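Here is a short briefing on one protein chain. Please look over the model before reading the points below.

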Amino acid sequence: MPIDAATHELIGRDHPATLLRAEIARLIGSHGGLVLVTGEAGIGKTTLVTSAAREARRQGALVVGGACWDSGSAPGYWPWTQVIRALRRGAEPEEWAAAEEAAGASLAAILGETQVPDGDQAQQGNGQSPFLTVTPGGDEVPDAFRLYDAVTSALVALAQRRPVVIVIDDLHVADPASLRLLEFAAQQTWFERLLLIGTYRDTEVEPVDHPLRDLLSPLVAKATTITLTGLDEAGVAALMARTAGQEPPPDLVTEVHRRTGGNPFFVEQTARLWRSGGSATAIAPGIRDALLRRLSLLPRPVAELLPAAAVLGREFHRQVLAATVAAPVAHVDRLLELAVVAKLVVTKGGGEFAFAHDLVRETLYDSLADPRDLHAAVVIAADGLVAQGFDQRPGDARGNGGDQADPV
Ligand SMILES: Nc1ncnc2c1ncn2[C@@H]1O[C@H](COP(=O)(O)OP(=O)(O)O)[C@@H](O)[C@H]1O
Ligand SMILES: [Mg+2]
């Protein structure tokens, strides 16, 4: 396969791409809406929405994007600043003139040309005017509502001239005011030819008390949500071939699919390692970093439990795990539930769980300073369970199993 020619081709993703194509068709023909694309890091959110953006542009839409920035140092409304600047660059002069006229002077604040109030602070106002907030420096700046209204009016003015698509990437690291503005814009423009597309890592927002969870849920309620999962084996084979420039043998594809769970970023990293003559079973550094980051975001008790599960194996039983860490099964269940929401672990039924893919287990196992301690705990736990009549067979729970039977 000629690698360069294929670079922009999406591999797999037939269903998500079809959904997005339908959204674009409705945008061009009638009106837009709000789409959220979710999934873990590296699963292909940016790639999918970039492909949709290209398609919309081909069909004549004005397409712009902005990305949220995780540094804590980005100014408020940063993704929207990028969006409005890109609209100013991308629109025809008369289109932009109409947008500016509709928006009024407040748009300058988003463009970074006057000071922007923090969303929360601005909503409290200064007690003098419902529309202005006085900064500590004494400047009067438009309040959040005015800003939301200005941006939305500009978007509507543009959308009345041609369909508009706005993509905001990585909403899980947005500033709160930007999310409120997205909700406001989505609410106010439902019947306009404006399609708003956002992406975020559901795996990072949902299992923990994420500061943005309450701001994302009203968006989710209004949106068409597309949740991406791993590529299938055929997709893994195609991505490996494209990345490495050579066809991988089928047994290697099966192995890489199992280890990566079809996460395209992990597949690419593994394929690069393979191409460079490295072992296809080693963990590429980029993968380890990505997984360690995800593990570090877990609530501490979950992060402390999972290494013990890694010692038990690719699949493990909740009761054996509970016995290994000497904790009540009900407590272990609660922690496992969070690991499932974080998509690091999956439920197999009958009290059995499995790591979402082997690389999660391998990364956890490798991070153990001394796995021997845990191996010893497993042996002791297993002996204790057998003595109690617990007979664990793969995918099944027997013996004294059940919720009441707490082995500790
Ligand atoms: N459908 C796909 N086809 C081919 N490559 C993909 C696909 N999805 C993702 N990739 C590749 O995987 C990597 C990670 O994808 P990305 O879109 O950045 O993930 P995310 O935004 O979810 O973190 C990128 O290098 C991209 O080229
Ligand atoms: Mg991305």
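Glu315 of strand E8 stands opposite Ala354 in strand E10. That pairing belongs to a small part of a predicted model. The chain has 408 residues, and 49% of them are buried. Its secondary structure comes to 20 helices and 12 strands.

**The sheet around E10**

- E8 and E10 (residues 352-355) run antiparallel and are joined by 3 bridges.
- Three strands make up this open sheet, in the order E8-E10-E9, with antiparallel pairing.
- E8 (315-317) and E9 (345-349) are the edge strands, and each pairs on one side only.
- Direction ignored, neighbouring strands here are turned by 30° against each other on average.
- Helix H18 (residues 329-341) lies across E8, E9 and E10. Its direction makes an angle of about 115° with E9.

**Strand E1 and its partners**

- How many of the 6 residues of strand E1 (residues 33-38) are buried? The count is 6 of 6, so E1 is largely enclosed by the rest of the structure.
- Both faces of E1 are covered. Gly33, Val35 and Val37 are buried on one side. Leu34, Leu36 and Thr38 are buried on the other.
- E1 pairs with strand E6 (residues 194-200) in the parallel sense, over 6 bridges. In this pairing Val35 stands opposite Ile197.
- E1 also runs parallel to strand E7 (residues 224-227), with 4 bridges between them. Here Leu36 stands opposite Thr225.
- Strands of a sheet pair through backbone hydrogen bonds, either parallel or antiparallel.

**Nonpolar cores**

- The largest nonpolar core holds 49 residues. Tyr77, Trp80, Leu87, Ile166, Leu171 and Leu196 touch the most other members.
- Helix H8 (residues 144-159) supplies the largest share of this core, 9 residues.
- Another core, of 35 residues, lies apart from it. Its members include Leu306, Ala322, Leu344 and Val378.
- Which residues does Ile166 contact, leaving aside neighbours within four places in sequence? They are Val64, Val83, Leu87, Leu155, Leu194, Leu195, Leu196 and Ile197.
- Ile197 thus appears twice: as a contact of Ile166, and opposite Val35 in the E1-E6 pairing.

**Helices H16 and H20**

- Two packed helices are described by the angle between their axes and the distance between the axes.
- For helix H16 (residues 300-312) and helix H20 (residues 371-387), the angle is about 70° and the axes are 9 Å apart.
- Angles of 65 to 115 degrees count as roughly perpendicular, and H16 and H20 are therefore roughly perpendicular to each other.
- On the H16 side, Pro307, Ala308, Val311 and Leu312 make the contact. They meet Leu374, His375 and Val378 in H20.
- Val378 is also one of the members of the 35-residue core.

**Arg288**

- Arg288 is found in helix H15 (residues 285-296).
- Is Arg288 buried, partly exposed or exposed? Its relative accessibility is 29%, so Arg288 counts as partly exposed.
- Beyond residues up to four places away in sequence, Arg288 touches Ile283, Thr363 and Asp366.
- The C-alpha atoms of Arg288 and Leu359 are separated by 8.3 Å. The two residues are 71 apart along the chain.

**Chain totals**

- Take the contacts between residues at least 6 apart in sequence. Of these, 74% join residues at least 24 apart.
- The protein chain exposes about 18,400 Å². Carbon and sulfur atoms supply 52% of that area.

Terms used: Residues are numbered from 1 along each chain as its sequence is written. Chains are lettered from A and ligands numbered from 1 in the order in which they are written. This is a predicted model: local features need pLDDT of at least 70, side-chain atom pairs count only at pLDDT 80 or more; totals for chains, interfaces and linings use all residues. Side-chain values use heavy atoms; hydrogens and water are left out. Helices (H or I, at least four residues) and strands (E, at least two) are DSSP runs, numbered from the N terminus. Buried means under 20% relative accessible area, exposed over 50%, partly exposed in between (1.4 Å probe, protein chains only). Contact means heavy atoms within 4.5 Å. A nonpolar core is a set of buried Ala, Val, Leu, Ile, Met, Phe, Trp, Tyr and Cys residues joined through side-chain atoms within 4.5 Å. Accessible areas come from the Shrake-Rupley method with a 1.4 Å probe; for residues, only the protein chains shown count as cover. Two strands pair if DSSP finds at least two bridges between them. Axes are lines fitted to C-alpha atoms, for helices over the stretch in contact, and angles run from 0 to 180 degrees between N-to-C directions. Angles under 35 degrees count as roughly parallel, over 145 as roughly antiparallel, 65 to 115 as roughly perpendicular and the rest as oblique.
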